[in-house]
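Trainee: I would like to learn how to read a protein model. Can you take me through one, feature by feature?

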Amino acid sequence: DMMKNIRRDVVGDKSLSTYGHNVKIIASHGKVTLKGPVHSEDEKRAIEEHARKYAGDGNVDNQITVKGDQQ
């Protein structure tokens, strides 16, 4: 359920790029891991915030990489 809620919030966030919307969200035992490329630090932070809202502080492992090739 937590994974579904985070996914819904991320996809609903119009400020994120397609990369942001396609980030991998893995939830297991109350912990969430985020993986995949995004264009900016802001996107990375925004996605982590969405995850933290459901998982809580300290339960989000943000492995998102910033490509930095936004045009």
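Mentor: We will go from the whole chain to its strands, and then to one residue. Keep in mind that this is a predicted model.

Trainee: How many helices and strands does the chain have, and in what order do they run?

Mentor: Count the elements, then read them from the N terminus. The chain has three helices and three strands. Their order is α-α-β-β-α-β.

Trainee: What does the radius of gyration say about the chain?

Mentor: Set the value beside the one for a compact globule. For 71 residues, such a globule would have a radius of gyration near 11 Å. The chain has 11 Å, so the two agree. For the extents, take the C-alpha trace along its principal axes: about 35 × 20 × 15 Å.

Trainee: What share of the residues is buried?

Mentor: Buried residues are 35% of the 71 in the chain. Now look at the outside. The exposed area is about 4400 Å², and carbon and sulfur atoms supply 47% of that.

Trainee: Which contacts link residues far apart in sequence?

Mentor: Look at the sequence separation of each pair. Take the contacts with a separation of 6 or more: 56% of them join residues 24 or more positions apart.

Trainee: Where do the charges sit on average?

Mentor: Find the mean position of each sign. There are 12 positive and 11 negative charges, and their mean positions are 6 Å apart.

Trainee: Now the strands. Do E1 and E2 run parallel or antiparallel?

Mentor: Follow the direction of each strand. E1 covers residues 24-28 and E2 covers residues 31-38; they are antiparallel, with five bridges between them. One bridge pairs Ile26 with Thr33 of E2. Two residues lie between the strands of this hairpin, and His29 there has a positive phi near 55°.

Trainee: How does E3 pair with E2?

Mentor: E3, residues 60-66, runs parallel to E2, and seven bridges join them. Thr33 turns up again here, with Asp61 as its bridge partner in E3.

Trainee: Where do side chains point along a strand?

Mentor: In a regular strand they alternate between the two faces of the sheet.

Trainee: Let us end with one residue. Is Asp9 buried or exposed?

Mentor: Compare its relative accessibility with the cut-off. Buried means under 20%. Asp9 has 15%, so it counts as buried. Asp9 belongs to helix H1, residues 2-12.

Trainee: Which residues does Asp9 touch, leaving out those up to four places away in sequence?

Mentor: Asp9 touches His50, Lys53 and Tyr54.

Technical notes
Residues numbered from 1 in each chain as written. Predicted model: local features only at pLDDT ≥ 70, side-chain atom pairs only at ≥ 80, totals over all residues. Heavy atoms only, no water. Helix = DSSP H or I, 4+ residues; strand = E, 2+ residues; numbered from the N terminus. Rg over C-alpha atoms; globule rule 2.2 N^0.38 Å. Buried < 20%, exposed > 50% of the residue type's maximum accessible area, 1.4 Å probe, protein only. Contact = heavy atoms within 4.5 Å. Areas by Shrake-Rupley, 256 points an atom, 1.4 Å probe, with all protein chains shown as cover. Lys, Arg positive; Asp, Glu negative; His and termini not counted. Charge placed at Lys NZ, Arg CZ, Asp CG, Glu CD. Pairing = 2+ DSSP bridges.
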